[in-house]
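Reader: I would like a close look at a single part, the buried nonpolar interior, followed outward to the residues and charged pairs around it. Please take it slowly and state each criterion as you use it.

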Amino acid sequence: MSTIATIGALALDQAHLRARLDTLTRQVSTGMRGERHGDLGAEARRAVDLRGEIMRREAAAAAADRALARTGVTQSVLGRLNDLAGGVAAEAARARTLGATGVEALALTARAALAEAAALLNTRHGAEYLFAGAHVDVAPVPDGAGIAGGPMATAISAAVATLDPLNAPAVLAAAATAANDPLTTPFAATLESATGLAEPRRAVQVADGERVSIGVLANRDQADEVALSWGRELLRGLATLAALTPAQAAQGAGYDTLLAGVAAGLSGAAAGLAVEAGALGAGEARIEAARERHADTLVALRAQLGDAEEVDLAAATAALRAVQARLQASYEATSMVAR
């Protein structure tokens, strides 16, 4: 009976050793403590919390990446619009000294700039219009390709045709009215409606309780000015210059006053674009900083998760060899007892 009992005890020990051997072999091959959540033992709860935090921060970092890609395109468009506004404003100021000889060239330049500005305001990033507010699937300038012949440009052209030496202020006022009138505005109804004018700017969540504005609206500026916003001033001024003919250049003081007013408006648009780009740049800096914080934290979190879920391969390999040796010795002992 003592021999049978000894063999039985050895067999039981061998079963435990084989189970331990299987576990260690799996750990060495996968690098993980176990295949199931329950295999982690006391570390299971910690691993769940760490994985949740990692997923949350990865989502925030991905949102920051998408936002920075969007703002990068927006900054490029704002820069080009600023160049257009400043360049045509300078052309208008020079044209005051050229009289009729420069008006046709100025009108052609303004017409080309008007078409380009409308196209830029309709820029998309992916499938979304950048300057459309919440309605990202609606072009902010619905008739961008035909803006030179649209309702606003037509109304402005009619007003410019009435220019005389004394009524330039009235012509400028009529042009401003055409740019703001709901019937002739160049902007989409989704932007010009009461709801559109009150909607908050688009923002991205970069951390708990931290949202950063990244939205730029075609018909509003950073101070939420509408009637004299940079987009409206830009399109209005370009449409006014595009309507000029030698007949207006012959109006002397009226022509000078008109050009001065348009140049001032375009310069104001350029200033508004610079403010918009500056505010967006500040937002980009905040997003970038948040993204870096998430990246640094993720390194630490993943290391902690590794401590909870992964094994020390060197220690596991050494333990595996020790168990193999013990199991082999147990088999030999069983053989000796049996003999």
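Author: A nonpolar core is taken here as a set of buried Ala, Val, Leu, Ile, Met, Phe, Trp, Tyr and Cys residues joined through side-chain atoms within 4.5 Å, where buried means under 20% relative accessible area, exposed over 50% and partly exposed in between, with a 1.4 Å probe and protein chains only. The model is a predicted one, in which local features need pLDDT of at least 70 and side-chain atom pairs count only at pLDDT 80 or more, while totals for chains, interfaces and linings use all residues. Residues are numbered from 1 along each chain as its sequence is written, and side-chain values use heavy atoms, with hydrogens and water left out.

The largest nonpolar core holds 69 residues, and those with the most contacts inside it are L81, L121, F131, W230, L241, L244 and I287. At least two residues of this core come from each of α2 (44–95), α3 (100–121), α4, α5 (168–180), β3, α8 and α10 (253–309), and among these contributors α2 gives the most, with 13 residues. These labels follow DSSP runs numbered from the N terminus, a helix being H or I over at least four residues and a strand E over at least two; counted in this way, the protein has 11 helices and four strands. As a background to the core, buried residues make up 42% of the 339 residues, and of the contacts between residues at least 6 apart in sequence, 76% join residues at least 24 apart, a contact being heavy atoms within 4.5 Å.

Two of the core residues named above, F131 and W230, deserve a slower look, and both are buried. With rings of Phe, Tyr and Trp (its six-membered ring) pairing if their centres lie within 6.5 Å, and with planes under 30 degrees apart called stacked, over 60 edge-to-face and the rest tilted, the count comes to one aromatic pair. The ring centres of F131 and W230 are 6.4 Å apart and the planes stand at 75 degrees, so the pair is edge-to-face. Because F131 sits in the loop between β2 (128–129) and α4 (151–160) while W230 belongs to helix α8, the pair ties together parts that are 99 residues apart in sequence. Leaving out residues up to four places away in sequence, F131 touches T74, V77, L78, L120, L121, P140, L191, V216, L217, A218 and W230.

L191 leads from F131 to N219, a residue of the loop between β4 and α8 (230–242). N219 has 0% relative accessibility and therefore counts as buried, and a polar atom of the N219 side chain lies 3.1 Å from the backbone oxygen of L191. Beyond its neighbours within four places in sequence, N219 is in contact with F187, L191, E192, L197, E225, V226, S229 and R232.

Strand β3, one of the suppliers of the core, spans residues 203–207 and runs antiparallel to β4 (residues 210–213), with four bridges joining the two; strands pair if DSSP finds at least two bridges between them. Within this pairing Q205 stands opposite R211, and in the hairpin, which has two residues between the strands, G209 takes a positive phi near 75 degrees.

The charged pairs come last. With a salt bridge defined as a side-chain nitrogen of Lys or Arg within 4 Å of a carboxyl oxygen of Asp or Glu, the structure holds 15 of them. R70 forms one with E128, the closest N and O atoms being 3.0 Å apart, and since R70 lies in helix α2 and E128 in strand β2, the pair ties together parts that are 58 residues apart in sequence. R70 counts as buried because its relative accessibility is 6%, whereas E128, at 26%, counts as partly exposed. In helix α2 there is also a salt bridge between R56 and E53, which lie three residues apart, about one turn of the helix, with the closest N and O atoms 2.6 Å apart. R56 is partly exposed at 35% relative accessibility, and E53 is partly exposed at 21%. Helix α10 offers a further example, in which E288 and R291 are three residues apart, about one turn, and meet in a salt bridge of 2.6 Å, N to O. E288 is partly exposed at 28%, as is R291 with a relative accessible area of 24%. Through shared partners, salt bridges also join E53, R56, R57 and D208 into one network.

Terms used: Polar contact = N/O pair within 3.5 Å; in protein donor to acceptor, adjacent residues only side chain to side chain.
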